[in-house]
Amino acid sequence: MKRLPLAFYAGCLLVALLLAGVVSYAASGSPDGLDAVTQTGCELDEAGEPVGGTCIAQNAGEHATAASPLADYTVGGAEGTTGVAGVVGVLVTLAVAGGLFWVLRRRSSPSGTPSRVE
Amino acid sequence: MEPHTGLVAMHMSDGIVNAPISVLFALIAVLGLAFCVSRARRDLDDRTAPMAGLVAAFVFAVQMLNFPVLPGVSGHLLGGALCAILVGPYVGALCVSIVLLLQALLFADGGLSALGTNITNMALIGTFVGYGVAVAMRRIATRSRGGLLLTAFVAAWVNTVVASLGFVLEYALGGQGLALGTVFGLMTGFHALIGIGEGIITALTVGAVAAARPDLVHLTRTSSPSLQIKTTGVRS
């Protein structure tokens with residue numbers, strides 16, 4: 001088996017952790033393109049909830065996992081915890097996606113060519 | 001139960017599209033993802049499987065980084081073309097889907113009943129159309145570094161706009177509250193701008209990976225003769 005590019009993997013992970021853990025504090029707080037469309041036509045209160053007028057967002061329900069400890073990219077709703085929530089998210093995503101892809105992968109034979117397995 | 005504030009709701013919530021249409025697109029998403037799982041295996045080996053996990057983690061991170069596009073309107077990466085160029089369309093669609101699933105389950109971002117529509121738009125439509133554009137431009141992408149960056153930018157821009165058209169379709173079938181023409185105009189207009197940011201992020205990321213590990217860029221790697229033979233062998 002060829003050597004895995006572990007240093008490159010580590011670099012990728014570090015970049016993702018820095019983006020989610022640090023740079024995320026600089027993210028724009030404005031609604032994204034989709035939310036801007038669904039809120040068009042409504043007056044919003046300070047929390048961004050529609051209070052008057054007619055718009056698509058009025059049909060939106062309370063989120064089923066709003067009570068999640070990581071809801072809204074915070075830890076327990078505490079202010080200033082976006083970065084922590086982001087780091088947790090990166091690690092959980094890596095574990096779930098990496099785990100799935102590792103299970104799905106073709107097993108390599110010693111020469112590096114895919115072997116006929118299963 | 002705290003109300004949503006600021007940064008944090010990035011994808012379609014429950015109720016934006018009615019129940020029958022949500023179920024229809026959930027079915028489309030399940031079928032599409034099952035197909036992707038069946039095809040993903042050929043693109044995953046000891047080297048690319050960890051890379052694909054990291055690509056998903058990277059997309060999660062960058063989706064948090066809303067950038068302003070107009071006063072009061074921001075955008076964020078969707079990631080379909082980025083994933084498809086780096087790890088192939090089938091694995092790429094699964095990367096974006098896992099991000100959307102975890103965002104809905106853990107971060108209250110994107111409704112659970114809207115997972116089908118969100119996955120259809122961003123993970124399936126965005127990823128496969130973006131990949132189609134990238135494949136169509138592959139001769140440009142393999143010619144020079146500038147060509148690769150241009151390909152990544154264009155594929156990502158198209159991926160963003162077609163994903164927004166997915167929403168317009170779902171809204172036309174099962175939404176209410178705003179005239180369809182207005183929804184179409186605003187969605188495509190905003191996402192034509194957001195697509196520029198998506199294109200820049202995608203080009204920078206693909207460019208960085210290509211500079212460090214060109215063997216880990218799926219789009220240009222699979223154009224090599226040896227792998228075309230291998231792929232033909234698998235299909236026959």
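Q: What is the mean pLDDT of chain B, and what share of its residues reach 70 or more?
A: Keep in mind that this is a predicted model, so it helps to check the predictor's confidence in each residue, which runs from 0 to 100. In chain B, 90% of the residues reach 70 or more, and the mean pLDDT is 92.

Q: Over which residues of chain B is the pLDDT below 50, with 3 contacts in the model beyond near neighbours in sequence?
A: Start at the front: residues 1-6 of chain B stay under 50, and the model has 13 contacts beyond four places in sequence for them. Where pLDDT is low, the coordinates shouldn't be read in detail. The stretch with 3 such contacts is residues 224-236.

Q: Where do the strands come in the order of elements in chain B?
A: Chain B has 10 helices and 2 strands. Read from the N terminus, the order goes α-α-β-β and then carries on with α elements. That puts the strands right after the opening α-α.

Q: How much helix is there over residues 189-212 of chain B?
A: An unreviewed UniProt entry lists several spans as "transmembrane region", including 52-70 and 189-212. Residues 52-70 are 63% helix and 21% strand, with end C-alpha atoms 33 Å apart. For residues 189-212, the end C-alpha atoms are 35 Å apart, strand is 0% and helix is 100%.

Q: What percentage of chain B is buried?
A: A residue counts as buried if 20 or more other C-beta atoms lie within 10 Å of its own. Chain B has 236 residues, and the buried share is 61%.

How values were computed:
Residues are numbered from 1 along each chain as its sequence is written. Chains are lettered from A and ligands numbered from 1 in the order in which they are written. This is a predicted model: local features need pLDDT of at least 70, side-chain atom pairs count only at pLDDT 80 or more; totals for chains, interfaces and linings use all residues. Helices (H or I, at least four residues) and strands (E, at least two) are DSSP runs, numbered from the N terminus. A residue is buried if 20 or more other C-beta atoms lie within 10 Å of its own, exposed if 12 or fewer, and partly exposed in between; C-beta atoms are placed from the backbone. UniProt positions are given in the numbering used here, feature names are shortened, and annotations may be inferred rather than shown by experiment. Two residues are in contact if their C-beta atoms, placed from the backbone, lie within 7 Å.
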